[in-house]
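The following exercises concern the fold and the sheet pairing of one protein chain. Please work through each task before reading its solution.

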Amino acid sequence: MKIKSRFLREIRLQKYIYLIAFTMSSYLSAQTINASGSGWTVSVPSITEAGNNYTGTYESATNITTLSGFLPGSFLNLLSSGAAKVSMHYNPVSWNSALHLYTRRSGGSTVINGLCILCTATINGGTTYLEIPPTTDTSFFTINFTGVLGLGNSVNFSAINVQFQISGVSVVIPAKAYSAQVVFTIGPN
């Protein structure tokens, strides 16, 4: 049967395009990264004698923030280098450009889900302090995935402890409360 109406052909084409898009979306799920913990308030001691300055550098607890997340099989199949990259930047809320933020990670574990032969997932990098830039992402660490044969693979990662450091604290910076929001993103390496 041949459709002679141009309008009916367009409806049929749209129907197939929607079905293809719907079918593809059911197979793809997004990678996620979750940050939990509390905000960090730096406790700067009072200066009691003229001519003194602050220590200048302060560190948070080693586990002030914990990262966890999920890498679905559809995402793992797209990784050309076999690694996902966690990036970071900060959004200045009320900030002074003389202050510098740094972060490092410790720990972390991965679990491979599904059937996979000779598969590994490892967390690499980020164990020394790296400066967090404002507004532009920089690499923090990677999650490398390798395997020979797999079916229905996905990776859960958890218990990645994050520690922060601030430097540049000085008496020449005006006294007020400063704040910034650190943003972590995950994507292909």
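**Exercise 1: Chain architecture**

Read along the sequence, the elements of the chain succeed one another as α-β-β-β-α-β-β-β-β-β-β-β-β. The model is predicted: local features need pLDDT of at least 70, side-chain atom pairs count only at pLDDT 80 or more, and totals for chains, interfaces and linings use all residues. Residues are numbered from 1 along each chain as its sequence is written, and side-chain values use heavy atoms, with hydrogens and water left out.

Task: State how many helices and strands the chain has, and describe its burial and contacts.

Solution.
1. The chain has two helices and eleven strands; helices (H or I, at least four residues) and strands (E, at least two) are DSSP runs, numbered from the N terminus.
2. Of its 189 residues, 30% are buried, that is, under 20% relative accessible area with a 1.4 Å probe, protein chains only.
3. Among contacts (heavy atoms within 4.5 Å) with a separation of 6 or more, 84% join residues 24 or more positions apart.

**Exercise 2: The open sheet**

Task: Determine the strand order of the open sheet of four strands and identify its edges.

Solution.
1. The order is 7-9-4-11, with antiparallel pairing; two strands pair if DSSP finds at least two bridges between them.
2. Strand 7 (120-124) and strand 11 (179-188) are the edge strands, each pairing on one side only.
3. From one strand to the next, the twist averages 20°.
4. Strand 4 (residues 83-94) pairs with strand 9 (residues 138-146) in the antiparallel sense over six bridges.
5. Met88 has Thr138 of strand 9 as its bridge partner.

Note on methods:
Buried means under 20% relative accessible area, exposed over 50%, partly exposed in between (1.4 Å probe, protein chains only). Axes are lines fitted to C-alpha atoms, for helices over the stretch in contact, and angles run from 0 to 180 degrees between N-to-C directions.
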